[in-house]
Amino acid sequence: MLNVADRQLTVQEISAMLRSDLKPILFVLNNEGYTIERFLHGKTRAYNDIQNWNWTDLLNVFQGYSADKRKGKSYTVRSREEMDNLLSDEKFAKAEEIQLVEVIMNRLDGPQTLRRQAELSGKANAYVPTDLQ
């Protein structure tokens, strides 16, 4: 059994999981960028925004062109109710194949303690714009 709970991984590892016929449930937290950096250096700084990927297509991307042998299933959840429904689904819970769940989150969503610490760190390391003109 593979336990990757509480770990981050590179997106290419999905390919290795498919090749090894592993059956993890992968949760992708989609908050449109770098939330911690937003609190540290400015909530509207453009460099904290990332180009959105079609996360639910990743299982297909790493399986190439052989559509007849596709493995896995992808989901998108946008609310607590949708997440509760997915987690309550018997087929999903059996985890008989690799599954990817994209969790759409508010760009400023984060644990309150993390937000407080980031705001304190941001004040200590305040971004000071320079005029290059």
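1. Buried residues (under 20% relative accessible area with a 1.4 Å probe, protein chains only; exposed is over 50%, partly exposed in between) make up 23% of the 133 residues in the chain. Before going on: this is a predicted model, where local features need pLDDT of at least 70, side-chain atom pairs count only at pLDDT 80 or more, and totals for chains, interfaces and linings use all residues. Residues are numbered from 1 along each chain as its sequence is written, and side-chain values use heavy atoms, with hydrogens and water left out.

2. On the overall layout, the chain has 6 helices and 3 strands. Both kinds of element are DSSP runs numbered from the N terminus: helices are H or I with at least four residues, strands are E with at least two. Reading from the N terminus, the order is α-β-α-α-β-α-α-β-α. Contacts here mean heavy atoms within 4.5 Å. Of the contacts in the chain with a separation of 6 or more, 69% come from residues 24 or more positions apart.

3. Now the strands. Two strands count as paired if DSSP finds at least two bridges between them. Strand 3 pairs with strand 1 in the parallel sense over 6 bridges, and strand 2 (residues 73-77) also runs parallel to strand 3, joined by 5 bridges. If you want to check the register, Ile 25 is opposite Gln 99 and Phe 27 has Val 101 as its bridge partner. On the strand 2 side, Ser 74 stands opposite Leu 100.

4. Strand 3 is largely enclosed by the rest of the structure, because 5 of its 6 residues are buried. Strand 1 has two faces: Leu 26, Val 28 and Asn 30 are on the covered one, while Ile 25, Phe 27 and Leu 29 are on the uncovered one. As background, side chains in a regular strand alternate between the two faces of the sheet.

5. Have a look at Asn 31, in the loop between strand 1 (25-30) and helix 2 (35-41). Asn 31 is buried, at 14% relative accessible area. Its side chain makes a polar contact with the side chain of Thr 35 at 2.6 Å. A polar contact is a pair of N or O atoms within 3.5 Å; within protein, one must be able to donate a hydrogen and the other to accept it, and residues adjacent in sequence count only if both atoms are side-chain atoms. Not counting residues up to four places away in sequence, Asn 31 touches Arg 38, Met 105, Asn 106 and Arg 107.

6. Gln 63 is another loop residue to inspect, placed between helix 3 (58-61) and strand 2. Gln 63 is buried, with a relative accessible area of 14%. A polar atom of the Gln 63 side chain lies 2.9 Å from the backbone oxygen of Leu 59. Leaving aside neighbours within four places in sequence, Gln 63 is in contact with Leu 18, Lys 69, Arg 70 and Lys 71.

7. Two backbone angles deserve a look. Most residues other than glycine have a negative phi. Asp 21, in the loop between helix 1 (13-19) and strand 1, has a positive phi near 55°. Glu 32 has a positive phi near 65° and lies in the loop between strand 1 and helix 2. Asp 21 counts as partly exposed at 42% relative accessibility, and Glu 32 is partly exposed with a relative accessible area of 40%.

8. Which residues line the second largest pocket? They are Val 77, Arg 78, Ser 79, Arg 80, Met 83, Val 103 and Ile 104. The elements giving two or more residues to this lining are helix 4 (80-88) and strand 3 (99-104). The lining divides into 4 nonpolar, 1 polar and 2 charged residues. The volume is about 150 Å³. For the method, a pocket is an open set of points on a 1 Å grid over the protein atoms alone, where a 1.4 Å probe fits, with protein on both sides within 12 Å along at least five of seven lines; lining residues have an atom within 4 Å of a point.

9. Last, a pair that links distant parts of the sequence. Arg 116, in helix 6 (residues 112-124), is 77 residues from Phe 39 in sequence and 8.7 Å away in space, C-alpha to C-alpha. Arg 116 counts as partly exposed, at 46% relative accessibility.

Conventions
Points joined across faces, edges and corners; volume = space filled by probe spheres on them. Nonpolar A, V, L, I, M, F, W, Y, C, P; charged D, E, K, R; others polar.
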